Amino acid sequence: MPLEPPVRVVRELTSRGYNAEREAVTLLANADEPAAAVERAVDIAPSDALTLTVDHVREAVGGAESRGPTASGAGGSVAESPSGESASAANTPSSRGNNSHDNQDTGGRSPGETTGVETGAEESTKVDSGTGSASQQRTRDANADADAGHQNLDIAGDITGESTGTGEYKDFVATFRDRYERLSKKLRGRVNHRPTDALHSMPGGSEAATVGMVNDVRSTASGHWLVELEDTNGVFPVLVMKDRDIAAHVDELLTDEVIAVEGSLSSDGGILFVDELYFPDIPRTHEPNTADRHVQAALVSDVHVGSQEFAGREWTTFADWLHTEEADPVEYLLVAGDMVEGVGVYPGQDEELDIVDIYEQYETFAEHLKDVPGDMEIVMIPGNHDTVRLAEPQPAFDDELRDIMSAHDATITGNPSTVTVEGVDILMYHGVSIDEVIAEHPGEDVSYDAPHKAMEQLLKKRHVAPQFGGRTRLAPEKEDYLVIDEVPDVFHTGHVHKLGVGGYHNVRLVNSGCWQHQTAFQESVNIQPDVATAPILDLDTLDVTVRKFR
Ligand code: D5M
Ligand code: FE
Ligand code: ZN
């Protein structure tokens with residue numbers, strides 16, 4: 001049993017401005033005189049060191065003084081750990097790792113159909129795959145060098161440093177042209193498509209198909225749906241009859257998304273009667289990548305430091321838990337935007353600010369980040385409350401903010417970005433368009449209580465923010481960075497402050513909750529935020545365990 005709980009050691013180090021590797025904390029907590037060991041380790045560490053390493057501590061405590069963590073009773077070393085709850089969303093996508101089971105038929109049950117999140121279980125009954133605490137001792141020494149260089153992290157699709165848009169009309173044309181090109185490519189194989197100008201010259205009554213961007217959706221006097229599709233050659237009206245099954249899909253349409261339709265031309269050739277409607281979608285056969293060892297990532301977002309409602313106590317509980325043996329496999333922390341509350345984001349927001357200076361907000365956020373084990377890899381993208389341009393794609397934090405948040409040497413990238421962690425492709429997107437998908441979607445299945453259902457819609461449309469001109473602000477760029485070109489293995493969003501875990505065609509979907517208690521606005525619209533929940537993703541199975549820290 002350690003003489004000093006690791007969390008107390010962490011506090012002590014944090015108060016002296018140090019971040020520490022978990023192994024270092026364990027060693028200190030197990031030293032004969034932890035307080036003295038902390039003193040010596042701090043003395044030994046160079047004054048410009050941000051992270052206290054195992055080597056510093058070894059030097060401080062000397063080989064003989066340190067005892068390994070006890071194998072018995074994990075509870076002993078987590079004396080101040082949360083009485084958290086956990087639940088598992090199992091039923092994973094099939095693995096294609098080295099040890100993958102042969103061509104399993106995944107056709108029957110996609111994770112989306114089978115995954116549920118139960119949040120009632122006690123921590124003691126958690127569904128964590130049965131690894132005993134004795135075997136959970138951190139053995140990361142061997143990996144220390146690898147950890148240092150972000151070897152297991154790769155970034156793609158990041159706008160940072162690539163922005164060329166000037167906001168002029170011609171830039172928007174380029175963005176939309178690129179969107180059309182890339183999404184129509186995904187649809188062209190499925191229909192024998194004709195450009196809109198060719199449709200105009202086909203004889204009435206012909207069978208025809210086209211791929212277009214949705215310009216407008218209207219209902220006719222008799223209740224049918226008239227959809228105007230646009231391609232690079234012009235526009236063409238198509239009609240979906242209200243009694244057809246596909247009419248349900250019309251309700252899901254957002255303007256500016258790209259679809260394909262197939263049917264027959266009217267006798268005068270002026271309109272296409274639709275028999276089939278296709279979304280770019282992702283294939284059901286997607287086989288997700290998985291890590292080849294047991295390693296986990298905590299997927300969080302919406303920390304909102306600086307808000308009076310920031311759940312600081314709960315964040316601390318979470319950070320403390322990350323120092324426990326139980327959290328040993330959690331080597332990555334992904335933060336999907338809204339690090340801070342920001343200033344002037346919504347009318348009247350200043351009345352709910354705890355910290356009014358934006359830089360002070362980031363400084364305080366950085367302090368909270370220091371509570372997280374120093375050897376965790378952190379990835380951050382901005383959200384709509386952060387200090388980067390609001391229009392998407394959002395570039396990563398600038399140098400000044402990076403400096404403020406430098407303690408962890410985090411990977412700081414744009415919104416959206418695809419982050420490859422241990423071979424698993426995770427599409428991170430803050431999630432402003434989720435508000436829009438929920439607002440526009442007719443059915444009750446897509447709601448704030450099921451944000452992952454809105455995420456399914458985004459995957460189906462192969463675009464993280466299909467609709468232009470609504471809540472989601474888009475920046476014109478040479479390319480459309482918001483197209484979901486490659487199928488991710490995991491889609492991670494936040495923004496709506498509601499927890500959602502699901503799956504769609506073998507892609508794991510996670511919408512993080514938040515670290516901000518209910519705001520006056522949320523109260524006015526009756527949104528109950530999911531505060532202090534941390535979905536923990538198994539990178540080797542893509543299972544998710546939801547942990548609560550309140
Ligand atoms: O967004 C948190 C959630 O609350 C998201 O669904 C938007 C919504 N929200 C919060 N405040 C407002 C106001 N004032 N108007 C409209 N929608 C709002 P977040 O990005 O954390 O503010
Ligand atoms: Fe938020
Ligand atoms: Zn947000």
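Start by selecting Asp435 together with ligand 1: in this predicted model, a polar side-chain atom of Asp435 lies 2.7 Å from an oxygen atom of the ligand. Keep ligand 1 on display and add His497, where an N or O atom of the side chain is 2.8 Å from an oxygen atom of the ligand. Then add His304, which brings a polar side-chain atom to 3.1 Å from an oxygen atom of ligand 1. With a surface switched on, the protein can be seen to cover 84% of the 460 Å² of accessible area that ligand 1 has on its own. If you widen the selection to the surroundings of the ligand, you will find 13 residues, of which Tyr346, Asn384, His385, Asp435 and His497 come nearest.

Next, select ligand 2, the iron ion, since two of the residues already on screen belong to its coordination as well. The iron ion is coordinated by Asp302 through OD, His304 through NE2, Asp338 through OD and His497 through NE2, at 1.9 to 2.3 Å. Colouring the chain by residue number helps here, as these donors follow the spacing D-x1-H-x33-D-x158-H along the chain. Now show ligand 3 as well: this zinc ion and the iron ion are 3.2 Å apart, and Asp338 coordinates both. Trace the backbone from the two aspartates: Asp302 lies in the loop between strand 10 (296-300) and helix 11 (312-322), while Asp338 lies in the loop between strand 11 (330-336) and helix 12 (358-370), so the pair ties together parts that are 36 residues apart in sequence.

Are these two aspartates buried or exposed? Asp302 has a relative accessible area of 0% and is buried, and Asp338, at 1% relative accessibility, counts as buried too.

From Asp302, step back to strand 10, which is mostly covered, with five of its five residues buried. Rotating the view about this strand shows that both of its faces are covered, with Gln296, Ala298 and Val300 buried on one side and Ala297 and Leu299 buried on the other. Such an arrangement can be read against the usual pattern, in which the side chains of a regular strand alternate between the two faces of the sheet. Add strand 11 to the selection, and you will see that strand 10 and strand 11 pair in the parallel sense over five bridges; to find the register, look at Ala297, which stands opposite Tyr332 in strand 11.

The tour now moves to a sheet elsewhere in the numbering. Select strands 4, 14, 15, 16, 18 and 17, which in that order form an open sheet of six strands with mixed pairing. Strand 4 (153-156) and strand 17 (500-504) stand at the edges, each with a single partner strand, so one side of each is left without a neighbour in the sheet. Looking across this sheet, neighbouring strands are turned by 20 degrees against each other on average, direction ignored. At one edge, strand 17 pairs with strand 18 (residues 507-511) in the antiparallel sense over five bridges, and Tyr504 stands opposite Val507 in strand 18.

For the last stop, select strands 5, 6, 7, 9 and 8, which in this order run round a closed barrel of five strands with mixed pairing. In this barrel, neighbouring strands are turned by 55 degrees against each other on average, direction ignored. Zoom in on strand 6 (residues 225-231) and strand 7 (residues 234-240), which pair in the antiparallel sense over seven bridges, and label Glu228, whose bridge partner in strand 7 is Pro237.

How values were computed: Residues are numbered from 1 along each chain as its sequence is written. Chains are lettered from A and ligands numbered from 1 in the order in which they are written. This is a predicted model: local features need pLDDT of at least 70, side-chain atom pairs count only at pLDDT 80 or more; totals for chains, interfaces and linings use all residues. Side-chain values use heavy atoms; hydrogens and water are left out. Two strands pair if DSSP finds at least two bridges between them. Helices (H or I, at least four residues) and strands (E, at least two) are DSSP runs, numbered from the N terminus. Axes are lines fitted to C-alpha atoms, for helices over the stretch in contact, and angles run from 0 to 180 degrees between N-to-C directions. Donors are N, O and S atoms within 2.8 Å of the metal (3.2 Å for Na, K and Ca); water is not among the atoms, so sites may look incomplete. Buried means under 20% relative accessible area, exposed over 50%, partly exposed in between (1.4 Å probe, protein chains only). A residue is near a molecule or strand if one of its heavy atoms lies within 4 Å of it. A polar contact is a pair of N or O atoms within 3.5 Å; within protein, one must be able to donate a hydrogen and the other to accept it, and residues adjacent in sequence count only if both atoms are side-chain atoms. Accessible areas come from the Shrake-Rupley method with a 1.4 Å probe; for residues, only the protein chains shown count as cover.
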